[in-house]
Amino acid sequence: MMLGKKTRTVLAGALVCLLIFCGGLETQVWGAQGLTRISGTLDGRMAHLVFLDLRQGLTAVPALAENDVTTDKAVGEILRDESAAYGLNVAAAVGGLPAGTDENGSVLYAAVLKDGVLVNSHGSEPVAAIGFGPEGQVIIDKVQMSALVTFGAGKTVIPGTVNQYAEDPSAVMLFTQEMTLPVTCSSEALVAVIEDGQISRVQRGGVFTVAGGASVLVYNEEAAERAAAQGALPEAGMAAAISARISPQKTDTQAIWDQVTNVLSGGPAILLEGKNVLAQEDESLDTAEESQKSFAAVMGDGRLLLGACNASYDSLAAYLITLGADSAISLGQGASSMLYADGAGYLQVPFSRLSNALVILDENSPLSTVTATAVPTASPVLINGLSVQFDAYNIEGNNYFKLRDLAFVLNSTKVRFDVTWDGPRNSISLTSGVYYTPVGGEMASKGTEEKTASPTQSKIYLDGESVSLRAYLIDGNNYFMLRDLARALDFSVVWDEETRTVLIDANSGYTP
């Protein structure tokens with residue numbers, strides 16, 4: 001949706017206010033439409049802020065590693081998979097949470113509603129959650145999230161948990177296809193399998209695995225006895241349907257939550273209605289402790305704010321109030337905190353594998369399935385002051401360098417890196433700080449004609465971790481965007497407008 005003149009004026013005014021409140025912030029508008037990145041200072045350290053207007057073709061979805069609730073993986077792989085699943089480029093991402101464990105295997109810490117399906121829930125206690133509607137609505141509140149299973153002639157049951165095992169004899173649980181590990185329940189439990197809109201079979205408990213496309217309803221012993229006494233047990237052949245129910249703490253927002261299709265619960269809640277609500281959280285929460293944090297907030301003008309910082313919750317709450325945030329929620333802390341923005345890359349890199357993250361997809365930027373025209377780069381290139389003739393191309397305004405040529409030339413610098421190709425895995429691995437091993441053909445020629453380039457489909461790893469780097473395949477060779485490589489390997493790239501020269505300084509770090 002295009003913004004009118006009045007709306008643009010309001011947003012510009014809000015941005016000016018942010019600069020006044022936060023004192024000399026660096027502001028950059030780039031990458032996806034509707035995305036503004038700001039860098040400020042909180043508790044004497046850098047704070048990264050990404051503002052997004054979801055009304056401008058941006059869609060928020062909770063991403064799950066391997067699309068299940070039992071796996072964690074490198075964040076780059078999570079973003080790549082989510083992008084491929086929807087056919088859209090990633091505008092931003094924040095999170096996330098690592099996996100935990102119980103007797104039935106790894107499980108998420110967060111409650112998750114994905115595309116209208118509740119795939120994880122811990123029980124009936126209210127949790128801090130952020131929800132997204134189909135028209136760009138964003139809302140944060142304390143909510144109860146539960147599944148509702150209807151079967152037979154108006155029979156209903158509300159499972160206490162979804163994809164979480166409960167030992168309580170009176171518990172009822174729902175397991176969906178996102179639970180990919182075997183589940184062990186009491187041999188006296190009643191297990192009803194739901195497939196293709198009906199209960200396909202009912203059996204006693206033990207160990208079971210949820211098949212793709214199926215769900216399993218489990219009644220522990222006392223729950224089964226109670227349901228039998230009420231004539232409310234599921235039976236094979238009954239029609240069955242599963243829906244999600246969200247009950248917010250603020251009942252006057254129920255109509256908004258009824259439209260929500262994607263929810264991620266992290267916590268704690270930091271702000272609600274513009275006020276610090278940390279005192280309402282668990283008494284064990286140390287709000288004065290400083291640590292890495294990632295968070296999301298809803299601004300007074302309706303925009304979504306994603307951020308990362310190293311500060312205490314108390315300081316973060318005060319900072320967000322100053323920025324004009326109406327509500328805010330923590331979405332990651334410590335090693336799992338992460339923030340990514342299109343055009344800037346990872347503003348905060350997680351130091352652990354993640355099970356989930358909040359991903360913002362750009363509907364204005366579908367994944368490229370068509371070829372592009374690559375024009376030989378005419379600009380001179382200086383590396384540490386020395387002229388080098390590269391085989392490089394300009395594609396849609398950005399310079400792309402042959403990966404092995406750059407590795408070859410940087411081999412004598414501190415940002416050296418090796419390149420290996422894994423054919424069976426269709427992957428390219430970069431290893432930083434290691435001498436490059438030439439394979440022959442490096443720096444052999446410089447392109448003089450326009451070429452047809454297609455997006456590289458290979459997965460890319462840096463030091464064993466999946467990374468998102470823009471690359472094209474030209475005549476069987478991979479050409480990477482120079483600035484993406486500079487950011488990943490931390491070397492300086494500067495464009496000298498006066499001499500129209502690309503300056504690469506391997507002794508200086510990357511500057512956006």
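**Entry 1. Conventions**

I take two strands as paired if DSSP finds at least two bridges between them; strands (E, at least two residues) and helices (H or I, at least four) are DSSP runs, numbered from the N terminus. I am working on a predicted model, in which local features need pLDDT of at least 70 and side-chain atom pairs count only at pLDDT 80 or more, while totals for chains, interfaces and linings use all residues. Residues are numbered from 1 along each chain as its sequence is written, and side-chain values use heavy atoms, with hydrogens and water left out.

**Entry 2. The four-stranded sheet**

I looked up the strand order of the open sheet and found β32-β31-β43-β42, with mixed pairing. Its edge strands, β32 (386-388) and β42 (492-496), each pair on one side only. Neighbouring strands of this sheet are turned by 30 degrees against each other on average, direction ignored (axes are lines fitted to C-alpha atoms, for helices over the stretch in contact, and angles run from 0 to 180 degrees between N-to-C directions). Which helix packs on this sheet? I find α7 (residues 482-489) there, touching β42 and β43 (501-505) (contact means heavy atoms within 4.5 Å). The direction of α7 makes about 145 degrees with that of β42.

At the β32 edge, I counted three bridges between β31 (residues 381-383) and β32, and these strands run antiparallel. Within that pair, Leu-382 has Ser-387 of β32 as its bridge partner.

**Entry 3. The barrel**

I next traced six strands that close into a barrel, in the order β30-β33-β34-β41-β40-β37, with antiparallel pairing. The average turn between neighbouring strands here is 40 degrees, direction ignored. Helix α7 packs on this sheet, with β34 (398-402) and β41 (477-481) as the strands it touches; its direction makes about 75 degrees with that of β41. I also checked β30 (residues 372-376) against β33 (residues 392-395): two bridges join them, and they run antiparallel. Val-375 is matched there by Asn-394 of β33.

**Entry 4. Salt bridges around the barrel**

I counted 15 salt bridges, each a side-chain nitrogen of Lys or Arg within 4 Å of a carboxyl oxygen of Asp or Glu. For burial I use relative accessible area: buried is under 20%, exposed over 50%, partly exposed in between (1.4 Å probe, protein chains only).

What does the salt bridge of Arg-470 and Asp-484 tie together? Arg-470 lies in the loop between β39 (465-466) and β40, and Asp-484 in helix α7, so the pair links parts that are 14 residues apart in sequence. The N to O distance is 2.9 Å. Asp-484 counts as buried, at 3% relative accessibility, whereas Arg-470 is partly exposed at 37%.

A further salt bridge joins Asp-475 to Lys-451, with the closest N and O atoms 3.0 Å apart. Because Asp-475 sits in the loop between β40 (471-474) and β41 and Lys-451 in strand β37 (residues 451-455), the pair ties together parts that are 24 residues apart in sequence. Asp-475 is exposed at 58%; Lys-451 is partly exposed at 26%.

**Entry 5. Other charged groups**

I noted a salt bridge between the side chains of Arg-201 and Glu-195 at 3.8 Å, N to O. Arg-201 is partly exposed, with 40% relative accessible area, and Glu-195 is partly exposed with 27%. Glu-66, Lys-73, Glu-77 and Asp-81 form a network of salt bridges.

**Entry 6. Helix α3**

I asked which residues of α3 (residues 221-229) are buried, and found Ala-223, Ala-224 and Ala-227. They lie on the same side of α3, because they cover an arc of only 100 degrees around the axis (taken from the directions from the helix axis to the C-beta atoms). Their cover includes β14 (172-176), β16 (190-195) and β19 (215-219). The face turned away from the buried side carries the exposed residues Glu-225 and Ala-229. After α3 comes Gly-231, with a positive phi near 65 degrees.

**Entry 7. Strand β26 and Ser-355**

I find seven of the nine residues of β26 (residues 325-333) buried. Strand β24 (residues 291-299) runs antiparallel to β26 and is joined to it by seven bridges, with Val-298 partnered by Ser-327. Strand β22 (residues 269-272) is also antiparallel to β26, through two bridges; Ala-269 stands opposite Ile-329.

Last, I looked up Ser-355, in the loop between β28 (345-348) and β29 (356-366). Is Ser-355 buried or exposed? Its relative accessibility is 0%, so Ser-355 counts as buried. Its side chain makes a polar contact with that of Asn-356 at 3.2 Å (a pair of N or O atoms within 3.5 Å; within protein, one must be able to donate a hydrogen and the other to accept it, and residues adjacent in sequence count only if both atoms are side-chain atoms).
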